[in-house]
Amino acid sequence: MYFTGIIIAISTFLIIGFFHPIVIKAEYYTGTHLWWVFLVVGLASIGAALFIEHEVVSALIGVFGASSLWAIGELFSQKKRVEKGWFPMNPKRKHEYHPIDKNETLCPVHHGRSKYAIDED
């Protein structure tokens with residue numbers, strides 16, 4: 001029997017689950033200012049994965065790097081979730097948050113209203 005696929009699948013699930021609270025805590029304590037840390041860690045991890053011979057370890061380092069890069073977008077989305085009131089706001093950084101429209105999208109790339117927003121005419 002070969003367990004490589006199962007090991008990678010379970011580990012990927014755990015790595016993604018590991019990043020969820022990290023993004024929430026990072027946004028709460030530092031805001032979006034340290035997004036570049038996720039960029040450096042992600043690029044370094046992906047670069048390191050290219051030079052690791054062991055398939056499982058290389059795959060997991062690559063998944064870690066990709067998750068770190070994905071966390072950049074989630075960090076900015078988390079800020080919008082806080083502005084919408086879905087997550088607690090750090091009272092020490094209240095001045096960094098701006099009220100947003102309840103129909104505004106959470107996508108960090110798309111600015112403005114969500115395509116699913118209901119027009120109130």
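Which element of the protein has the lowest mean pLDDT, and which the highest? In this predicted model, local features need pLDDT of at least 70 and side-chain atom pairs count only at pLDDT 80 or more, while totals for chains, interfaces and linings use all residues. Residues are numbered from 1 along each chain as its sequence is written, and side-chain values use heavy atoms, with hydrogens and water left out. As for the question, α3 sits at the bottom with 94 and α2 at the top with 97; pLDDT is the predictor's confidence in each residue, from 0 to 100. Elements here are DSSP runs numbered from the N terminus: helices (H or I, at least four residues) and strands (E, at least two). For the protein, the mean pLDDT is 87, and 83% of residues reach 70 or more.

On the inside, the largest nonpolar core (buried Ala, Val, Leu, Ile, Met, Phe, Trp, Tyr and Cys residues joined through side-chain atoms within 4.5 Å) has 11 residues, among them Phe19, Phe38, Val56 and Leu75. Helices α1 (4–30) and α3 (55–84) each supply at least two residues of this core, and α3 gives the most, with six. Buried means under 20% relative accessible area, exposed over 50%, and partly exposed in between (1.4 Å probe, protein chains only). Val56 touches Thr4, Ile7 and Ile8, leaving aside residues up to four places away in sequence; contact means heavy atoms within 4.5 Å.

Then there is helix α2 (residues 35–49), the home of Val41. With 32% relative accessibility, Val41 counts as partly exposed.
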